[in-house]
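Q: Could you take a close look at one part of this model with me? I would like to go through how its side chains pack together and how its chain is cross-linked.

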Amino acid sequence: MEIIIPFEARVGSQPFACGQTYKGLGTTGTEYQPQDFRMYLHDVRLVSDTGQEVAVSLTDDGMWQAKNAALLDFADKTGLCSNGTAETNARVVGKVPMGNYRGLRFRVGLSQALNHQDVTLEPAPFGDTSLYWGWKSGYVFLRVDGRTTGLPGGYFVHLGSIDCATPPAGQPWGSAGCDFPNRAEISLEGFELEKSRVVLDVAALLADSNLDVNSDTPDTSLGCMSQKEDPDCAPVFKNLGLSLDKQKPSSGVQTFIRVE
């Protein structure tokens, strides 16, 4: 049967929208103006009422979904949102066997095989260079950018795999894996088809971050761009359920994504 999984972007209790100003974000309660909000996901599964995972076969649509991966896009090029396209996408479409389902699971980002494609040769949704790191770490799995009171140039969250090993001669980049793949596993118990929606909350993602000051650690980016040396990444990764400690790949329960 064909299914639709609806997603909704929010900033706390308010709908996310480019061109809006939100108050009270982060540890300083700063004002926040969105600049971007996009996210890849893959490995989508429903959980049956007997506890079994059932893979969702995503529908290739030539725009947002291909190769069993999908791009969610909440930035419509209005206001400060200059990247991406004017079109947006807030759903995932696919097929599963008939059944009773009570949960949803997926991984943020792209699989290792998809993560190291040549972005200049790939069709949608993999051909946008603003969702790709030029230093061959692969795609930006999650991009949440916004201007704040203290950082008018922008506070950027770019999640992706880091410390990717150089492959043997003749092998494609990425084939040797990455020390920090950073693919957050999302498990949403209680999700019901045709009743539930998945909420992505920017305020929850940034709740423990000081968005007005960038860490003075040398050679780190504004905000968090997945550098393990950057202390600004610790609270963001915690709220994604990730860790930058190789011995502890998970930081516990993520708070960024929930079901309603």
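How many aromatic pairs does the count come to?

A: Happy to walk through it with you. This is a predicted model, and the count comes to eight aromatic pairs. One of them is formed by Tyr40 and Tyr139, in an edge-to-face arrangement with 5.7 Å from centre to centre and 80° between the planes. That pair bridges distant parts of the chain: Tyr40 belongs to strand β4, Tyr139 belongs to strand β12 (residues 138–139), and 99 residues separate them. Tyr139 also pairs with Tyr132, again edge-to-face, at 4.8 Å centre to centre and 85° between the planes. Is Tyr40 buried or exposed? Tyr40 counts as buried because its relative accessible area is 0%, under the 20% cut-off. Tyr139 is likewise buried, at 0% relative accessibility.

Phenylalanines have their own grouping: ring pairs link Phe16, Phe37, Phe74 and Phe256 into a cluster. Phe37 leads us on to the nonpolar packing. The largest nonpolar core has 71 residues, and Phe37 is among those with the most contacts inside it, together with Phe7, Met39, Phe106, Leu200 and Ile257. Strand β4 (residues 30–48) gives the most to this core, with seven residues.

Leu200 is a good place to zoom in. Setting aside neighbours within four places in sequence, Leu200 is in contact with Phe7, Glu8, Ala9 and Arg10, with Phe37 and Met39, with Leu72 and Phe74, and with Phe256 and Ile257. Three members of the phenylalanine cluster, Phe37, Phe74 and Phe256, are therefore among the contacts of Leu200.

Now for the covalent links. The chain has three disulfides, and they follow the pattern 1-2, 3-4, 5-6 when bonded cysteines are counted along the chain.

Cys18 is joined to Cys81, with an S to S distance of 2.1 Å. This pair connects distant parts of the chain: Cys18 is in the loop between β2 (14–15) and β3 (22–25), Cys81 is in the loop between β8 (69–73) and β9 (91–95), and the two are 63 residues apart. The Cys18–Cys81 link is left-handed, with -90° about the S-S bond. Both ends are shielded: Cys18 is buried with a relative accessible area of 9%, and Cys81 is buried at 1%.

Cys164 and Cys178 form another disulfide, with their sulfur atoms 2.1 Å apart. Here the link runs between strands, with Cys164 in β15 (residues 162–164) and Cys178 in β16 (residues 178–180), 14 residues apart. The torsion about the S-S bond of Cys164 and Cys178 is about 95°, so this disulfide is right-handed. Cys164 counts as buried at 15% relative accessibility, and Cys178 counts as buried at 17%.

Finally, Cys224 is joined to Cys233, with 2.2 Å from S to S. The torsion about the S-S bond of Cys224 and Cys233 is about 105°, so this disulfide is right-handed too. Cys224 is buried at 1% relative accessibility, and Cys233 is buried at 0%.

To draw the threads together: strand β4 gives seven residues to the largest nonpolar core, and Tyr40 in that strand forms the link to Tyr139 in strand β12.

Note on methods
Residues numbered from 1 in each chain as written. Predicted model: local features only at pLDDT ≥ 70, side-chain atom pairs only at ≥ 80, totals over all residues. Heavy atoms only, no water. Disulfide = S-S within 2.5 Å. Helix = DSSP H or I, 4+ residues; strand = E, 2+ residues; numbered from the N terminus. Buried < 20%, exposed > 50% of the residue type's maximum accessible area, 1.4 Å probe, protein only. Core = buried A, V, L, I, M, F, W, Y, C linked by side-chain atoms within 4.5 Å. Contact = heavy atoms within 4.5 Å. Phe/Tyr/Trp six-rings, centres within 6.5 Å; stacked < 30°, edge-to-face > 60°.
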